[in-house]
Structures are given as C-alpha cells and as structure tokens.
Amino acid sequence: MIVLGVDPGFSVTGWAIISKQGNTQVLLAHGFLPLPTKKELHDRIGIFYEFFAQKIKMYAVTHLALETPFLGKNAQTFLKLGYLRGVVCLMAYQNNLILHEFSPREVKRAITGFGGAQKDQVARVLQMLFPGLPQPKTYDVTDAVAVSLCGVWHRPIIL
C-alpha cells in the first residue's frame, strides 16, 4: 500500500507519500508544490495535474488521500479548490486508485487523539512519528503527511 496525501491549495499544495510495510509506515517523500500566482487558473491546474501524475507513476501509488474542504470566509477560494479536488478524483479514476477523504476533524483526531487540535500540535506528533520530518515553514506539508497517514490507517467497513 502506497498512499499519496494531498493538501490542495492554489498558491501552495502540500503532498506526502507513505508506504505501509507490514505494521510499519515509511515516509517515502514529502514536499510542496508552489503554483505560480501570476499564471492563469487553467495553467495552474495543468501544472498540478502533471506534477501529481508524475508522482503517482514514480512511486507506484495505490491510494490517494484528500482532506474534505470546509467553507471558510471566502466562497471563491472554496469553489476554486473544487477544481483541484476534481483533478485528484480524475487521477484516482485514470489510475484505478482507491480514494480516501477525511474531514479536518477526523485527521486531527486520528493523529493527536483530539479533533480540535491545532496545526502545530499535529505537526509535533508527526515529527515524533517521522523524526526526519523538518519543522514546517507552512503547515501544507504536515497537513499532507497527516492526510496520507490517515489513508494508510484507514480500514474499509465490510458489511
């Protein structure tokens, strides 16, 4: 199982790839994709698509994990994030990947045990789990690591 976790954003997108090997989770790669704010919307979407299509092939990804968005103060931002989420869903379809979606509360509860945890608390727990993970300059990367880890830990409900 190899999970690509994505924290989409139109200026910076965080990403992380975690492999499950037996009972161990290995952080294979992580980082952020800066999207040039001066480019047109369709250009940024294309850059996003090409970047993640390459990661899926390079790491033989089997699952995608995505955090469900919440409607904050800016409805336009919420709508634009829908484009990137649609690209992730399309990539899941094109590559026959399993797609997991988690609410921000689910992610925080899974990582820290408390659904109302702050981003810095999540980052500290992740640094304990993955000692090589650097102190974040922004939380886009640690958010993606957390979402990816939730994808690894996810157990499907069998009826």
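Helix H1 (residues 41–59) comes out just as the textbook rise would have it: at 1.5 Å a residue its 19 residues should span 27 Å, and the end C-alpha atoms are indeed 27 Å apart. The model is a predicted one, so the distances and areas here are computed from its atoms. Along H1, the buried residues are Arg44, Phe48, Phe51, Phe52, Ala53, Lys55 and Ile56. In general, residues three or four places apart in an α-helix point the same way, because there are 3.6 residues a turn. Right after H1 sits Ala60, with a positive phi near 50 degrees.

Helix H5 (140–153) gets the same length check. H5 has 14 residues and runs 20 Å from first C-alpha to last, close to the 20 Å expected at 1.5 Å a residue. As for surroundings, H5 is mostly covered, with 13 of its 14 residues buried.

Next, the cysteines. The structure holds zero disulfides. For Cys89 the reason is plain distance: the closest cysteine sulfur, in Cys150, is 17 Å from that of Cys89, too far for a bond, given that a disulfide needs two cysteine sulfur atoms within 2.5 Å. Cys150 is likewise in no disulfide, its nearest cysteine sulfur being that of Cys89, 17 Å away. The two also sit in different accessibility classes: Cys89 is partly exposed, at a relative accessible area of 34%, whereas Cys150 is buried, at 5%.

On to the second largest pocket, which has a volume of about 190 Å³. Its lining is made up of His30, Gly31, Phe32, Leu133, Pro134, Gln135, Pro136, Lys137, Thr138, Val141 and Thr142. By class, that lining has five nonpolar, five polar and one charged residues. Strand S3 (24–34) and helix H5 each supply at least two residues of the lining, and S3 gives the largest share, three residues.

Part of that wall also meets a neighbouring helix residue, Gln127. Gln127 is found in helix H4 (residues 119–129) and touches Leu133, Pro134, Gln135 and Pro136, leaving aside residues up to four places away in sequence. Those four contacts, Leu133, Pro134, Gln135 and Pro136, are among the residues lining the second largest pocket. Gln127 itself counts as buried, because its relative accessible area of 18% falls under the 20% cut-off.

Notes
Residues numbered from 1 in each chain as written. Predicted model: local features only at pLDDT ≥ 70, side-chain atom pairs only at ≥ 80, totals over all residues. Heavy atoms only, no water. Helix = DSSP H or I, 4+ residues; strand = E, 2+ residues; numbered from the N terminus. Buried < 20%, exposed > 50% of the residue type's maximum accessible area, 1.4 Å probe, protein only. Contact = heavy atoms within 4.5 Å. 1 Å grid on protein atoms, 1.4 Å probe; cavity = no way out; pocket = protein on both sides within 12 Å on 5 of 7 lines; lining within 4 Å. Points joined across faces, edges and corners; volume = space filled by probe spheres on them. Nonpolar A, V, L, I, M, F, W, Y, C, P; charged D, E, K, R; others polar. Expected span 1.5 Å × (residues − 1).
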